[in-house]
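Here's a quick walk through one fold, strand by strand, with a stop at its cysteines. Have the viewer open as you read.

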Amino acid sequence: MRDENCIFCKIISGDIPSTVVYEDDDVKAILDVNPAATGHVIVLPKYHAANIFETPDDVIAKTFAAAKKIAAGIKKAFNCDGVNILQNNGEAAGQTVFHLHVHVIPRFDGDKDDIAIRWKQGDAPENGAEIAKKISDNM
């Protein structure tokens, strides 16, 4: 499945050039043109879906399997201290291109805060069981 108006679909088809890190029948992984760090890779499933909710489970499995393989390659290639594997869904979550994709970003001890992926930790909610039930009832 392909969307003619999607920039990632155009990259996958070769209509827009990219630097390919990995490709198989199901995914294409490219260097990010606006990387958070040297070696930042974007894993693109060849199946077009806007987000994780619209993507078949088998496509998600193949995409994350490729992300794992790429993360291992990044760790070995750059001898980094860690790797972020990120996937955003919806504008509120930071998604800007509406084709499911996974970022694989090498991380080093002492990285600047401007590329850190962090949030302020809160306290455990007193109604945790209620929250968990609400989620599980809606799956």
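## The hairpin at one edge

A three-residue hairpin links β1 to β2. Those two strands run antiparallel and share three bridges, with β2 covering residues 27-31. Across that pairing, Glu-23 faces Lys-28 of β2. Strands here are DSSP runs (E, at least two residues), numbered from the N terminus, while helices would be H or I runs of at least four residues. Two strands count as paired if DSSP finds at least two bridges between them.

## Where this comes from

The model is predicted, so local features need pLDDT of at least 70, side-chain atom pairs count only at pLDDT 80 or more, and totals for chains, interfaces and linings use all residues. Numbering starts from 1 along each chain as its sequence is written, and side-chain values use heavy atoms, with hydrogens and water left out.

## The whole sheet

Zoom out and you get an open five-stranded sheet, ordered β1-β2-β3-β5-β4, with antiparallel pairing. β1 (20-23) and β4 (82-86) are the edge strands, each pairing on one side only.

At the β4 side, β4 pairs antiparallel with β5 (residues 102-107) over five bridges. There, Val-83 has Pro-106 of β5 as its bridge partner.

## The cysteines

How many disulfides does a search of the whole structure find? Zero, where a disulfide means a pair of cysteine sulfur atoms within 2.5 Å. The sulfur of Cys-6 has its closest cysteine sulfur in Cys-9, 3.8 Å away, which is too far for a bond.

Cys-6 is buried at 6% relative accessible area, and Cys-9 is buried too, at 3%. Buried means under 20% relative accessible area, exposed over 50%, and partly exposed in between (1.4 Å probe, protein chains only).
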